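Me: Could you pick one part of this model and walk me through it closely? I'd like to start from its backbone and its exposure, and then see how the surrounding pieces connect to it.

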Amino acid sequence: MQNILLAAGLGSRSEGKKLLLPYQGETLVHHAVKESLLAGLYTVLVTGYKADEVKEAVKDLYCDNLLVVHNSEYAQGQGSSTRCGAFYLREEESFFISLSDMPLIKARHYHHLVRCATHAAARPSYKGRLGHPVLLAPTFLSVIRDRNGPFTMRSLLSSYKVQAIEVDEEAYILDIDTLDEYHALLASGQPPQSPPL
């Protein structure tokens, strides 16, 4: 399987620092790439803002299963970076879309979703809140590639039946958007809850 791992955003609410912040001996983006690779996923890391620094942060993880690409239009949002990454995925193979600012996601979280998915589109749901990673069938490659203009995951999937996989771990919904959330992560091991995705 494979994974579009988004690491292109401006991170304006964290002064553009969040992916390069250290946590448990590695940066957030390094953790995200490492766990994707440990899950056995062919990983397309989409960079944008601070692309050179992001690439430097993960250079020790370079391997045949990792492709780092750059979205020059990253300022247009996650949809733009998702579309960019989709062009580098392998055909006829299911894929994840995941975020690089979710420090509690590990390889086993990907594996759990694979085991539970029964629909062409599936995503975790924790206490009614949808999260990431999102798991999609190969048919969604053309859907994403053909999109024009900004889009969100919610709008992309709004016309499709999406399986909500009930999970009991907050890891699937907890991300780092602000420096306050980062400091809370360091203090407690888990950041405060963010608004629903």
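Reply: Happy to. One cut-off first: a residue counts as exposed when its relative accessible area is over 50%, and as buried when that area is under 20%. Please keep in mind that this is a predicted model.

Let's take Glu92 as the part to look at. Its relative accessibility is 71%, so Glu92 counts as exposed. You will find it in the loop between helix H3 (78–86) and strand S6. The backbone is worth a glance too: phi of Glu92 is near 60 degrees, a positive value, and the residue is not a glycine. For context, most residues other than glycine have a negative phi.

Gln24 makes a good companion. Here too phi is positive, at about 50 degrees, in a residue that is not a glycine. Gln24 sits in the loop between strand S2 and strand S3 (26–27), and its 64% relative accessibility makes it exposed. A glycine can be set beside these two: Gly40, with a positive phi near 80 degrees, follows helix H1. Another backbone detail is the cis peptide bond from His132 to Pro133, whose omega is near 5 degrees. Pro133 belongs to the loop between strand S8 (129–130) and strand S9. As a general point, most peptide bonds are trans.

Now follow the Glu92 loop onward into S6. That strand (95–99) is among the elements covering the buried residues of helix H4, and the cover also includes S1 (2–7), H1, S7 (121–126), S9 (134–136) and S10 (163–166). What these elements cover is Ala107, His109, Tyr110 and Leu113, the buried residues of H4. Seen down the helix axis, these residues fall within an arc of 165 degrees, so they line one face of H4.

His109 deserves a closer look. This residue of H4, which spans 107–116, is buried, with a relative accessible area of 1%. Leaving aside residues up to four places away in sequence, His109 touches Leu104, Glu169, Ala171 and Tyr172. Its C-alpha atom is separated by 24 Å from that of Ile144, 35 residues apart along the chain.

H1 (28–38), which helps to cover H4, is itself mostly covered, with 9 of its 11 residues buried. Those buried residues include His30, His31 and Glu35.

The S2 side, where the Gln24 loop begins, leads to helix H7. The buried residues of H7 pack against S2 (22–23). In H7 (179–188), Leu179, Glu181, Tyr182 and Leu185 are buried. Viewed along the axis of H7, they fall within an arc of 160 degrees, so they line one face of the helix. On the other side of H7, Asp180, Ala187 and Ser188 are exposed.

Stepping back, the protein has 7 helices and 10 strands, and 53% of its 197 residues count as buried. Among contacts between residues at least 6 apart in sequence, 71% join residues at least 24 apart. The radius of gyration is 15 Å, which agrees with the value near 16 Å for a compact globule of 197 residues. The C-alpha trace spans about 40 × 35 × 30 Å along its principal axes. Finally, the mean positions of the 19 positive and 22 negative charges are 3 Å apart.

Notes. Residues numbered from 1 in each chain as written. Predicted model: local features only at pLDDT ≥ 70, side-chain atom pairs only at ≥ 80, totals over all residues. Heavy atoms only, no water. Helix = DSSP H or I, 4+ residues; strand = E, 2+ residues; numbered from the N terminus. Rg over C-alpha atoms; globule rule 2.2 N^0.38 Å. Buried < 20%, exposed > 50% of the residue type's maximum accessible area, 1.4 Å probe, protein only. Contact = heavy atoms within 4.5 Å. Lys, Arg positive; Asp, Glu negative; His and termini not counted. Charge placed at Lys NZ, Arg CZ, Asp CG, Glu CD. Arc of directions from axis to C-beta.
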